[in-house]
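Morning, everyone. Please pull up the structure while I talk.

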Amino acid sequence: MTPDLWRMGYHLMPPTGWLNDPNGLCQFRGTYHFFHQWSPEWPAPHARRGWGHYSSEDLVHWEHHGMVLDQDTPDDANGAYSGGAIVVPGAAPDGGDLLRLYYTGNVKEPGDHDFVYEGRGANEILVESADGFALGPKETLLRNADYPAWCSCHVRDPKIWEEDGAYRMLLGARTRDDLGMMLVYRSDDGRAWELSGTVRSDEPVGYMWECPDRIVLDGHEYVGCCPQGVAGFAWSDGVDDHSGYFPVAGGGRVAGGDAVVAAADFTRWDHGFEFYAPQSFVDQSGRTILVGWVGMPEASWIGQPEELDWIHCLTVPRELSRGEDGRIAQWPIAELEALRCGPIALGGGEATLPDHRADLVFTGIEGDFEVTLDDALEVRCDASGCGIRFGDNAVACGRTSRRIDLEPTGDLRILVDSSVVEVFANGGRMVFSTRWFPAAGEFSVRTAGACERALAYPMADAMAGPY
């Protein structure tokens with residue numbers, strides 16, 4: 001398979017260069033806007049880092065608008081880092097809604113610094129837009145002096161929402177004692193902010209919590225984050241950086257003051273090889289939708305084969321729901337089904353599809369069940385959980401196997417898009433995301449075990465032309 005055929009058909013990826021965190025996710029004036037971290041000149045050393053921009057009317061077909069937030073002021077001289085969005089009703093000059101984007105401007109000061117405890121500026125910056133495309137001037141709202149003295153220089157990634165008539169901001173932070181936590185700020189106008197509390201865990205969970213998030217499902221509040229420095233935890237697969245969520249239990253509220261979450265309640269969003277920096281938003285229909293980066297800050301495996309001039313992608317949008325036990329399930333948004341062609345029945349347990357772009361659906365699974373893609377990637381569900389494993393002949397770039405033990409599953413859905421795979425089991429309670437790089441040839445699917453229905457839907461390409 002040539003590098004061009006590893007480009008994706010319905011996952012957002014960069015036109016060229018490096019893509020990472022989803023930023024500023026929102027639905028504004030009827031249009032969906034997904035911004036993302038982008039280094040167009042990657043792999044050039046010291047490549048600039050800013051925000052790229054995708055827009056869509058239907059969450060399926062997307063248009064890319066290039067670099068829209070660059071590192072072009074003294075307060076973001078070394079990168080326009082991650083952040084979020086909020087829609088302010090009736091605040092635009094035309095009386096319509098106004099979009100506010102908040103992000104962290106990264107500055108590395110000259111000199112011999114460690115850039116953790118000294119030498120780094122973390123500036124929270126606001127940009128406004130009346131149409132979602134043309135952005136106004138940058139306005140710096142918070143600098144290092146506005147954070148508690150016990151914080152290191154690592155404070156970033158604002159999450160913004162409105163509650164009880166005030167704006168709220170979560171910032172990921174690392175203390176000078178190397179503990180991960182969040183700062184909570186309050187504002188009446190979205191510009192002047194004051195510290196109102198913190199979010200901490202009862203036991204340490206890593207040294208830094210970046211990409212903070214706040215989610216409310218059925219009246220229950222959760223905080224999400226990406227803890228760094230967690231390789232020693234049993235759930236970490238020996239990897240230092242992960243992403244997940246804590247329930248805010250006991251009637252506490254993030255906006256109500258200092259919230260303490262239980263370290264034992266931390267739950268990973270995704271158990272595959274690549275998933276980090278997710279961000280959620282609520283669309284105009286009331287759905288809570290999560291999108292993550294299919295990549296990792298640091299890993300023992302290699303991101304992808306060296307011949308590609310681009311790297312990484314985003315997950316498909318996932319709708320969130322809360323189970324009776326409080327765990328959050330994730331499921332691909334219904335709009336993706338508009339790309340389905342077919343279906344092809346997987347009769348006899350084996351089928352060949354025209355290309356590596358498909359939506360595979362298995363329901364009524366009984367006992368042990370296994371799906372093998374191209375004799376390279378195995379997805380297996382059994383009486384105690386689900387997992388994925390790369391075979392010896394796979395172009396896996398060092399990836400091996402991942403697994404989660406949870407109650408037995410009765411369903412399985414696998415999204416394949418050229419060089420990315422997303423697996424959803426047990427109604428989305430078990431999720432695995434990974435890059436893979438299939439060899440040239442047709443796409444083969446083989447199953448072993450019993451299920452009531454096994455269908456393969458070839459997926460149409462939603463990305464027209466170079467992007």
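I'll go through strands, one buried phenylalanine, cavities and salt bridges. Keep in mind that this is a predicted model.

Let's start with strand β6. It spans residues 98–108. How many of its 11 residues are buried? The count is 10, so β6 is mostly covered, buried meaning under 20% relative accessible area.

Now its neighbours. Strand β5, residues 80–88, runs antiparallel to β6, and 7 bridges join the two. On the other side of the list is strand β7, residues 120–129. β7 and β6 also pair in the antiparallel sense, over 10 bridges.

You can pin both pairings on one residue. Find G105 in β6. The bridge partner of G105 is A80. G105 also stands opposite N123 in β7.

Next, F369. Which strand holds F369? F369 lies in β27, which covers residues 366–373. Is F369 buried or exposed? Its relative accessibility is 1%, so F369 counts as buried.

What does F369 touch, leaving out residues up to four places away in sequence? Its contacts include F362, V379, R380, C381 and L412. T447, A448, G449, A450 and C451 are on the list as well.

For a sense of distance, take F133. F133 and F369 are 236 residues apart along the chain. Their C-alpha atoms are separated by 47 Å.

On to the cavities. How many cavities of 30 Å³ or more does a search of the whole structure find? The search finds 5. The largest has a volume of about 110 Å³.

Let's look at what surrounds that one. The largest cavity is lined by 14 residues. Nearest its centre lie G83, C211, P212, P278 and Q279. Several strands feed this lining. β1, β5, β9, β13 and β18 each supply at least two residues. For your displays, β1 is 17–28, β9 is 151–163, β13 is 208–217 and β18 is 276–282.

What is the lining made of, by class? It has 6 nonpolar, 4 polar and 4 charged residues.

Last topic, salt bridges. The count comes to 37. I'll show three.

One is R174 with D178, at 3.0 Å from N to O. R174 has 12% relative accessibility, so it counts as buried. D178 is partly exposed, because its relative accessible area is 29%.

Another is R214 with E221, at 2.6 Å from N to O. R214 counts as buried because its relative accessibility is 17%. E221 has a relative accessible area of 10%, so E221 is buried too.

That pair also belongs to a network. Which residues are linked in it by salt bridges? They are E163, D164, R214, E221 and R253.

My third example is R403 with D405, at 2.8 Å from N to O. R403 is partly exposed, because its relative accessible area is 35%. D405 is at 56%, so D405 is exposed.

To wrap up, three places to click on. Go to G105, with A80 as its bridge partner and N123 opposite in β7. Go to F369, buried at 1% relative accessibility. Then go to R214 and E221, whose side chains meet in a salt bridge. Thanks, and over to you.

Terms used
Residues are numbered from 1 along each chain as its sequence is written. This is a predicted model: local features need pLDDT of at least 70, side-chain atom pairs count only at pLDDT 80 or more; totals for chains, interfaces and linings use all residues. Side-chain values use heavy atoms; hydrogens and water are left out. Helices (H or I, at least four residues) and strands (E, at least two) are DSSP runs, numbered from the N terminus. Buried means under 20% relative accessible area, exposed over 50%, partly exposed in between (1.4 Å probe, protein chains only). Contact means heavy atoms within 4.5 Å. Two strands pair if DSSP finds at least two bridges between them. On a 1 Å grid over the protein atoms alone, a cavity is a set of points where a 1.4 Å probe fits but cannot get out, and a pocket is an open set with protein on both sides within 12 Å along at least five of seven lines; lining residues have an atom within 4 Å of a point. Grid points are joined across faces, edges and corners, and a volume is the space filled by probe spheres set on the points. Ala, Val, Leu, Ile, Met, Phe, Trp, Tyr, Cys and Pro count as nonpolar, Asp, Glu, Lys and Arg as charged, and the others, Gly among them, as polar. A salt bridge is a side-chain nitrogen of Lys or Arg within 4 Å of a carboxyl oxygen of Asp or Glu.
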